[in-house]
Amino acid sequence: ISFFFLLIYNVCGTNISNHLKAAEIGDTATAGIATAVQMAGGVAAGFAFNRLSAKFRDYLIPAAFFVIFIGFTIVNLGQRLLLADFIGVFIVGTAISIFVPQALFSTSNCLDASNSTAGTAVVNCIMPGLGGFLSPVVFTNLTMALGGDSTNFRLQFVGIVSLVLGIALVLTTRRRARKEKAAAAGA
């Protein structure tokens, strides 16, 4: 899941400069500000993480995918409005500070002391790094083949992929919770 999250999440950072350039509403400095706004979204979500995690637990993982869908949709629909682009990237930025700590916490709950270091390294380092590295290779080539070089198409396509993965994760999390509840009731 962490592989797919970073595969999707990195589409924002790797495409925002071209997206703003295509709309003719900024230059490299504007793209830098947009990247900073995305990071600020992560900071803001980080402050709220403890409360969110206590309330939603593992459902925060699919929520991060839904947040990306919302952010990408705003950036796509508001391309020619710099404020809409900044709002969209801020929302996308919140996803990382929702996903990463919850994924690590959930992983630690599934592992015992004998394999926690290796499991955490896979979830926190290896898979996200691979997803981030492959993000432009996968999504740029795929969306170029399907819809040309439009960053609007790319962002919305990846947003829809994120939405679909989020729905699949809700269903998987719900099924796992039912199994755990049934096992606890049977014990």
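## Chatting about helices and two residues

User: Hi! Let's start with T173: is it buried or exposed?
Analyst: Hello! In this predicted model, T173 is buried, because its relative accessible area is 10% and anything under 20% counts as buried.

User: Cool. Which helix does T173 lie in?
Analyst: T173 is part of helix α6.

User: And which residues does T173 touch, leaving out those up to four places away in sequence?
Analyst: With those neighbours left out, T173 touches D58 and Y59.

User: What about the backbone oxygen of L169, how far is that from the side chain of T173?
Analyst: The distance is 2.7 Å, taken from the backbone oxygen of L169 to a polar atom in the T173 side chain.

User: Okay, helix α6 again. At what angle do the axes of α5 and α6 cross?
Analyst: They cross at roughly 110°, and the axes come within 10 Å. Here α5 covers residues 116-147 and α6 covers residues 151-186. That angle makes α5 roughly perpendicular to α6, because angles of 65 to 115 degrees are put in that group.

User: Which residues make that contact?
Analyst: From α5 there are F139, T140, L142, T143, M144, L146 and G147. From α6 there are F153, R154, F157, V158 and V161.

User: How does that contact split by class?
Analyst: The contact of α5 with α6 has 8 nonpolar, 3 polar and 1 charged residues.

User: Is the crossing right-handed or left-handed?
Analyst: α5 passes α6 in a right-handed crossing.

User: New topic! How do α1 and α3 cross?
Analyst: Helix α1 (residues 2-23) and helix α3 (residues 60-77) have axes that cross at roughly 15° and come within 11 Å. So α1 is roughly parallel to α3, since the angle is under 35 degrees. The crossing of these two, α1 and α3, is left-handed.

User: Who's in that contact?
Analyst: On the α1 side are F4, F5, I8, Y9, V11, C12, I16 and H19, and on the α3 side are A64, F65, I68, F72 and V75. By class, the contact of α1 with α3 has 12 nonpolar residues, 1 polar residue and no charged residues.

User: Last one: where does L130 lie, and is it buried or partly exposed?
Analyst: L130 lies in helix α5. With a relative accessible area of 38%, L130 is partly exposed.

User: How many residues apart along the chain are L130 and L6?
Analyst: They are 124 residues apart along the chain, and their C-alpha atoms are separated by 8.2 Å.

Note on methods: Residues numbered from 1 in each chain as written. Predicted model: local features only at pLDDT ≥ 70, side-chain atom pairs only at ≥ 80, totals over all residues. Heavy atoms only, no water. Axes fitted to C-alpha atoms, helices over the stretch in contact; angles between N-to-C directions. Helix = DSSP H or I, 4+ residues; strand = E, 2+ residues; numbered from the N terminus. Parallel < 35°, antiparallel > 145°, perpendicular 65-115°, else oblique. Left-handed = near helix turned anticlockwise from the far one by under 90°. Contact = heavy atoms within 4.5 Å. Nonpolar A, V, L, I, M, F, W, Y, C, P; charged D, E, K, R; others polar. Buried < 20%, exposed > 50% of the residue type's maximum accessible area, 1.4 Å probe, protein only. Polar contact = N/O pair within 3.5 Å; in protein donor to acceptor, adjacent residues only side chain to side chain.
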